[in-house]
Amino acid sequence: MAKKIAKLTLTAAGLAGAGAAVILTKKKQEKETAAKYANRTKNYRNTELGRHEKNSKGIYYTNGNYEAFARPEKPEGVDNKNAYIVGGGLASLAAACFLVRDGQMPGSHIHILEAMGIAGGACDGIYEPDRGYIMRGGREMENHFECLWDLFHSIPSLEKPGASVLDEFYWLNKHDPNYSMCRATVRRGKDAHTDGKFNLSQKGCMEIVKLFMTKDEDLYDKTIEDVFDDEVFNSTFWLYWRTMFAFENWHSALEMKLYFQRFIHHIAGLPDFSALKFTRYNQYESLILPMQKYLEDAGVDFRFDTEVTNVRFDIEGNKKVAAAIEYNANGTEQEIPLTENDLVFVTNGSCTEGTVYGDQNHAPDDNAEVRTSGCWNLWKNIAKQDPAFGHPEKFCSDIAKTNWESATITTLDDKIIPYITKICKRDPRTGKVVTGGIVSCMDSKWLMSWTINRQGQFKEQDPEKVCVWVYGLFTDVPGDYVKKTMRECTGKEITEEWLYHIGVPVEEIPDLAENSAVCVPTMMPYITAFFMPRAKGDRPDVIPDGCVNFAFLGQFAETPRDTVFTTEYSVRTAMEAVYGLLGVDRGVPEVWGSVYDVRELLESSVCLMDGKSPLEVELPGPLNLLKKPLLKAIRGTVVEKILRDHGIIRLGML
Ligand SMILES: Cc1cc2nc3c(=O)[nH]c(=O)nc-3n(C[C@H](O)[C@H](O)[C@H](O)COP(=O)(O)OP(=O)(O)OC[C@H]3O[C@@H](n4cnc5c(N)ncnc54)[C@H](O)[C@@H]3O)c2cc1C
């Protein structure tokens with residue numbers, strides 16, 4: 001007993017000591033910061049010089065038209081350099097385009113090494129004669145994809161002579177704006193009448209505001225469940241959010257916060273998807289093919305069926321030089337020796353890695369075809385060489401938490417069309433917006449959502465056929481009609497479950513699923529790998545510290561403020577990588593700054609409370625009393641005008 005007491009006393013003393021040490025360190029830090037600022041004030045000089053100095057990665061961020069329209073000078077020494085780009089997805093193609101357009105590197109010096117036999121990676125859309133049409137996803141896009149539109153305003157459209165891909169997209173979305181007329185259904189196809197509301201309680205709103213205010217570092221390795229409770233999870237807001245962005249409750253709280261901040265200007269457009277814009281065709285045809293053509297015209301060297309297995313580094317002190325690329329092509333191991341004049345760009349990780357392809361009569365199970373690129377293996381081999389190269393295992397080790405499944409259902413006749421039209425209130429065969437974003441079946445055990453984008457989604461598609469994209473967030477629970485988990489289902493069974501949820505009479509379901517549609521399921525084990533909880537350093541920087549000829553691209557590379565699971569993120573990392581490594585002297589457009597725009601903040605706060613002013617919220621006693629004097633103080637000022645303009649101060653409040 002005496003021993004125990006002694007031990008406890010020691011522990012308590014230890015804790016007290018540790019507590020004191022923490023307080024001392026904090027005090028020391030505060031003192032140092034105060035001294036730093038005092039010094040800065042002493043030597044202060046008003047100037048804008050240095051505002052656009054490059055950071056340690058060789059880039060700077062800007063905004064506005066001045067830099068948007070400027071063309072950078074040709075970087076020094078570019079004609080003596082080569083670029084090896086690992087992966088042929090959007091990020092890699094974007095990097096190649098920036099090398100050609102802004103870096104002015106000769107196309108023949110750019111080599112794209114892609115494991116698959118086709119470019120595009122996750123940005124897909126293909127017709128396979130023995131399966132049918134396949135789109136693993138459909139890309140919701142927005143006007144503030146700053147780097148992406150910066151790129152696509154230079155890529156010629158394949159559809160409209162003389163126009164860019166941006167022009168084509170802009171005109172299309174002007175003439176045919178996207179919005180939904182039925183965001184969610186219940187009870188087999190009945191409108192759930194979410195009616196543009198978030199239905200958040202005051203406590204739920206406060207949980208969101210609290211997350212919004214939390215520093216990144218305080219959210220490291222935390223899950224959404226750590227920061228929200230049922231006040232948010234039971235709201236319509238959460239239904240919209242998780243089905244639209246594919247967040248699960250166990251995903252990263254940090255990523256949730258970044259999303260909320262990144263898209264704060266779109267809060268009003270979340271419930272009916274008026275925030276969103278879509279391409280005319282699937283994104284392989286509308287985005288990837290024009291880029292590929294641009295690069296082929298420039299003479300870029302595409303090497304398909306080439307799996308890179310490692311990049312070997314020479315590391316001396318902090319300096320890291322990529323010294324060789326090891327790869328496998330035609331069944332043989334080969335390597336490319338590198339010098340500092342050879343720039344290497346690697347897309348590390350992929351959300352569509354290991355996709356399992358089923359078909360109408362086969363589930364995407366153990367016997368089905370799996371397509372792999374070796375991306376995790378490559379990243380692991382690189383990561384072994386230096387801590388600056390990140391921690392792939394944080395993202396790719398728990399497929400139970402990172403998978404979901406999508407399916408492409410193609411209708412073969414007009415029997416299913418009336419059920420679709422009844423829900424989305426538009427004929428799917430007009431070539432215009434149809435569902436205007438996903439329709440979520442709220443009471444579906446799989447949490448199934450489905451969408452029909454402008455038809456034909458494929459240029460060569462029969463105009464009478466309709467391609468429907470379906471996905472389920474929960475793949476391991478039995479369905480409502482089909483008593484199997486989604487991942488155990490064949491294409492036909494997935495169609496049956498969908499037909500059930502859009503209200504087809506039960507007795508007609510088997511026949512329609514068999515004869516009026518064909519369906520290709522795709523199980524994606526890592527589709528939300530980038531949403532796994534993470535901490536600083538898990539994702540490597542685009543240009544890891546000390547790298548002179550190497551950069552990471554894509555969804556698992558770190559760039560501040562932007563959000564993964566977006567096409568923009570892939571293009572942004574590509575731009576930063578090329579500008580930084582090649583020394584392109586032009587600003588990278590910063591992530592749209594709406595989170596710093598007081599107008600957006602005011603408006604979004606009203607939206608979140610379904611039209612209520614934050615001033616109408618009951619605050620704890622004494623705080624409530626402060627409202628009147630504060631309002632009096634701002635009367636007649638611009639602050640009053642802003643608050644009135646954005647719905648915070650209303651009639652009778654002053
Ligand atoms: C179902 C789904 C829905 C989506 N929804 C949206 C959306 O609504 N809005 C939006 O903006 N974005 C969306 N996206 C995301 C967007 O499509 C992707 O983020 C983007 O296409 C990723 O491009 P990437 O080039 O960074 O990576 P990837 O496309 O994954 O490309 C990586 C490429 O590298 C190759 N590769 C990997 N390892 C190796 C190796 N060792 N050797 C050689 N090659 C290798 C792969 O084969 C692949 O081609 C969605 C994606 C999916 C799948």
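Visitor: Which residues of S19 point one way and which the other way, and what makes them buried?

Guide: Ala517, Cys519, Pro521 and Met523 point one way from S19, while Val518, Val520, Thr522 and Met524 point the other way. All of these are buried; the term applies if 20 or more other C-beta atoms, placed from the backbone, lie within 10 Å of a residue's own (exposed: 12 or fewer; partly exposed: in between). This is a predicted model, where local features need pLDDT of at least 70 and side-chain atom pairs count only at pLDDT 80 or more, while totals for chains, interfaces and linings use all residues. Numbering starts from 1 along each chain as its sequence is written.

Visitor: Why is strand S19 called largely enclosed?

Guide: In strand S19 (residues 517-524), 8 of the 8 residues are buried, so the rest of the structure largely encloses it. Strands here are DSSP runs of E with at least two residues, helices are runs of H or I with at least four, and both are numbered from the N terminus.

Visitor: How do you know that S13 and S15 pair with S19?

Guide: Pairing requires that DSSP finds at least two bridges between two strands. Strand S13 (residues 355-357) has 2 bridges to S19, running antiparallel, and Val356 stands opposite Met523. Strand S15 (residues 404-411) is joined to S19 by 8 bridges, also antiparallel, with Trp404 and Met524 as bridge partners. Both pairs therefore meet the cut-off of at least two bridges.

Visitor: What makes S7 and S14 edge strands?

Guide: They belong to an open sheet of 9 strands with mixed pairing, in the order S7-S6-S16-S17-S18-S15-S19-S13-S14. Strand S7 (190-191) and strand S14 (369-371) each pair on one side only.

Visitor: What is the order of the sheet of 5 strands, and what is its pairing?

Guide: The order is S8-S3-S2-S12-S20, an open sheet with parallel pairing. Its edges are strand S8 (301-303) and strand S20 (550-553). On average, neighbouring strands are turned by 15° against each other, direction ignored. Inside the sheet, S2 (residues 82-86) and S12 (residues 342-347) share 5 bridges, one of them between Tyr84 and Val344. Helix H18 (residues 567-582) packs on this sheet, touching S12 and S20, and its direction makes about 170° with that of S20. Such angles run from 0 to 180 degrees between N-to-C directions, with axes fitted to C-alpha atoms, for helices over the stretch in contact.

Visitor: Why does the largest nonpolar core lie between domain 1 and domain 2?

Guide: A nonpolar core is a set of buried Ala, Val, Leu, Ile, Met, Phe, Trp, Tyr and Cys residues joined through C-beta atoms within 7 Å. The largest has 169 residues, and Ala95, Ala96, Cys97, Phe345 and Val578 have the most contacts inside it. Its largest share, 10 residues, comes from helix H3 (residues 90-101). Domain 1 (80-141 + 279-395 + 530-589) and domain 2 (177-273 + 399-524) both give residues to the core, so it lies between them. The bounds come from an automatic or database domain assignment.

Visitor: How many residues of domain 1 are in contact with domain 2?

Guide: Contact means that C-beta atoms, placed from the backbone, lie within 7 Å. By that rule 38 residues of domain 1 contact 41 residues of domain 2. Strand S5 (132-134) and S13 each supply at least two residues of the domain 1 side. The centres of the two domains, taken over C-alpha atoms, are 28 Å apart.

Conventions:
Contact = placed C-beta atoms within 7 Å.
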